[in-house]
Amino acid sequence: MKEAQEAVEQEQRSIVKEIIEQGLLTTYFQPLVSLKGGKVMGVEALTRGWHQETLVMPSVLFEQADQLGQRLHLDRLCRDRAFAAFQARQGEDWLLFVNIDASILTEGVVGSDYLLESVRAKGVEPERVVIEISENGNQSPLLLERFIDQYRRHGFMIALDDVGVGDSNFARILIAKPDVIKIDRCMVQNLMQDAYKREIFSALVTLARRVGALTVAEGVETEEEAMAAWELGADLAQGYYYGRPVAADRLQCDAVNAKMKETAADYQQYKIEKIARSYERQTQYKLVVEKLLQRIKSCQPDDFSAVLRSMLCENSVECLYVLNSRGVQVTESLCQEKLGCSKRLFQPATKGSDQSAKNYCLHIMAGREMYVSDPYVSYATGNLNRTISRLFRAADGKEYILCVDFYFSE
């Protein structure tokens, strides 16, 4: 078995050596689309090797080039071909994304200016080139930073690839200060259904915006994933849903544009229906709060708990409690047992707990009569919920804050 494997690898090395020596490479382009703008914003250059009309997979091509000590030569050859292919399409208003594996950034490479000279030789403006740096745990942070600074001064943009996998993403962001953050396919797959992925994806988008970077959702394969990425704020999308990589001279945007129009129409309908459901739920929530308010405001504080307990049967109500005007709980937190969490990390707050730092209290103390919170993880149950707080005056003449936690679902 071992000898057979070695024979296969030897044959692969021979094939790859021939591909490199004879330049048997073809540049493919895959489109990156603007979700909100509805147009193709750029293309990523991808290289395919050919041997006797047989496609050689990129993983084999680059792995065997490493074994041959030809990785740098192959990388440069790929980019030279990409710039030439892009120059032939310069009538298109696109950006060109080209890949750099950070592992090749040695002292000699960083100081060579090869990439700049190659762009200029092909007549491509540096401002239209996005250098896409892939993850590699062996790179020197200092050399990577020097390389990025050098090319950014010439007008190139910098993208970080595969963000969301690996163990050094935030370190890479600190070093690269990227113009574009490409969120890996692993974070996009089943994005609509996976609440954890949605939160992490949204956090990456927020981070990118705050540091002045655009985000790309990579590996989008379905309309559902495209709409989820759009809803969570991604600027661009790339993947088989919008177009597979094709030879650079064969890329046509008509099918891509049609797909974007179709998605935009479906997304609009999806959002309208979702917003309508949200308004309907909030109306129902407020009706529950007003119904409870009518009963509790005629009571003395000693009777608050009995009134709250009688309202726990209302649909979607998770917890009920009352605060005084200073934000201190004057009742226990009464919670639905079926919605409770057995983890000791999450425990309902008890009578006497100070909730004055919570948003649902602060907004009332700041002068609002009612406040509806954003969804958050409840410390009481560990579930995702939304709190509505409402100021009221009880039978004793004092002001209190009624708090109703509703179990939240999209």
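This text leads through the nonpolar cores of the structure, then a pair of packed helices, and then two buried residues with polar side chains.

The model is predicted, so local features are given only at pLDDT of at least 70 and side-chain atom pairs only at pLDDT 80 or more, whereas totals for chains, interfaces and linings use all residues. Residues are numbered from 1 along each chain as its sequence is written, and side-chain values use heavy atoms, with hydrogens and water left out.

In soluble globular proteins, nonpolar side chains tend to be buried together. Here the largest nonpolar core has 66 residues, a core being a set of buried Ala, Val, Leu, Ile, Met, Phe, Trp, Tyr and Cys residues joined through side-chain atoms within 4.5 Å. Buried means under 20% relative accessible area, exposed over 50%, and partly exposed in between, with a 1.4 Å probe and protein chains only. The residues with the most contacts inside this core are Phe29, Leu105, Ile131, Phe147, Phe201 and Tyr242. Of these, Phe147 touches Ile100, Leu105, Val110, Leu115 and Ile131, leaving out residues up to four places away in sequence; contact means heavy atoms within 4.5 Å. A second, separate core of 23 residues includes Val288, Leu292, Leu334 and Leu402.

Two packed helices are described by the angle between their axes and the distance between the axes. Helix α10 (residues 223-231) packs against helix α11 (residues 254-296) at an angle of about 65°, with the axes 10 Å apart. Helices (H or I, at least four residues) and strands (E, at least two) are DSSP runs, numbered from the N terminus, and axes are lines fitted to C-alpha atoms, for helices over the stretch in contact, with angles running from 0 to 180 degrees between N-to-C directions. On the α10 side, Glu223, Ala226, Met227, Trp230 and Glu231 take part, meeting residues of α11 that include Tyr267, Tyr270, Lys271 and Lys274.

Glu231 is buried, with a relative accessible area of 17%. Its side chain makes a polar contact with the side chain of Tyr270 (2.9 Å), a polar contact being a pair of N or O atoms within 3.5 Å; within protein, one must be able to donate a hydrogen and the other to accept it, and residues adjacent in sequence count only if both atoms are side-chain atoms.

Ser333 lies in the loop between β11 (317-324) and β12 (334-335), and counts as buried at 14% relative accessibility. The side chain of Ser333 makes a polar contact with the side chain of Gln329 (3.4 Å), and a polar atom of the Ser333 side chain lies 2.8 Å from the backbone oxygen of Ala349.
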